[in-house]
Amino acid sequence: MAQSGAKLQEYNNELVKCIEDLCAKRDELHRQILVEEEEKGKIQHDMFILTERLGKINQSLAEKITARNDYDRAVSETETAYMKILDSSQTLLTALKTQTTLLKDSNNAEAAKATMAVESTIGAKEAVSSRKPLVLNTGAGPNAVYSSKPGTSQSAVGTGASIRNGTRQGDI
C-alpha cells in the first residue's frame with residue numbers, strides 16, 4: 001500500500017501544481033482584465049470629454065457659419081447698393097455733362113446773337129472802324145455780363161459802348 005499511497009501523493013502533488021498553475025494563469029488573466037478595464041474606463045472618459053468638445057465645436061461652427069452667411073448677405077446687399085449708387089452717379093455725371101454742354105452751346109448761341117444785335121445797333125462800320133473792343137456792361141465791374149434772356153448770361157471784357165438789354169446806352 002505504500003506504493004499506492006506514494007502514487008496517490010504524487011497525483012495529489014501534480015493536481016495541486018496544476019491547480020496552482022491554473023490559479024496563476026487565472027490571476028494573470030484577471031490582472032490583464034483589470035488593466036484593460038482601467039484603460040477602457042479612461043478611453044470612455046476621454047470619449048465623453050471629446051464628445052462634449054465635439055458637440056460644443058459643432059454648435060460653435062453652426063453659429064459661426066450662420067454669422068458668416070449673414071456677413072455674406074450683408075456684403076452682397078451692400079455691394080448691390082454700392083453698384084446702384086455708382087450707376088446713379090454715372091447717370092448723374094452724364095446728365096450734368098450733357099446739360100453743361102447744352103448750356104455752353106446755348107450761351108455761345110446767345111453770345112453770337114448779342115454780338116450781332118450790338119453790331120446792328122451800333123452799326124457794322126462803327127464797330128469795325130473804331131477797332132475798339134465792345135464792353136457789355138451791367139455794372140458788374142471790368143468783367144461785364146450781358147444777357148439777352150433773363151436767367152442766362154455771357155461775359156465780355158473790353159472798353160467802348162455800354163449795352164443794356166440789347167440797346168446802346170452810350171460811350172463810357
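Across the protein chain of this predicted model, the average pLDDT is 78, and 67% of the residues score at least 70. Confidence falls away over residues 131-172, where pLDDT stays under 50; for this stretch the model nevertheless has 78 contacts beyond four places in sequence.

With regard to secondary structure, the protein chain has 2 helices and 4 strands, and these elements, when read along the sequence, follow the pattern α-α-β-β-β-β. Helix 1 comprises residues 2-122 and includes Ile 65. Among the contacts in the protein chain with a separation of 6 or more, 47% are accounted for by residues that lie 24 or more positions apart.

As to solvent accessibility, buried residues make up 9% of the 172 residues in the protein chain. The accessible surface of the protein chain amounts to about 14,100 Å², of which 59% is supplied by carbon and sulfur atoms.

A local feature of this surface is a nonpolar patch formed by Ile 57, Leu 61 and Ile 65, which together contribute about 250 Å² of accessible area. Of these residues, Ile 65 belongs to helix 1 and has a relative accessibility of 39%. Because this value lies between the limits of 20% for buried and 50% for exposed residues, Ile 65 is classed as partly exposed, and the residue thus combines a place in helix 1 with membership of the nonpolar surface patch that also contains Ile 57 and Leu 61.

Terms used: Residues are numbered from 1 along each chain as its sequence is written. This is a predicted model: local features need pLDDT of at least 70, side-chain atom pairs count only at pLDDT 80 or more; totals for chains, interfaces and linings use all residues. Side-chain values use heavy atoms; hydrogens and water are left out. Patches are made of residues with over 30% relative accessible area and no salt bridge: like charges are joined within 9 Å, nonpolar side chains (Val, Leu, Ile, Met, Phe, Trp, Tyr) within 5 Å. Accessible areas come from the Shrake-Rupley method with a 1.4 Å probe; for residues, only the protein chains shown count as cover. A salt bridge is a side-chain nitrogen of Lys or Arg within 4 Å of a carboxyl oxygen of Asp or Glu. Buried means under 20% relative accessible area, exposed over 50%, partly exposed in between (1.4 Å probe, protein chains only). Contact means heavy atoms within 4.5 Å. pLDDT is the predictor's confidence in each residue, from 0 to 100.
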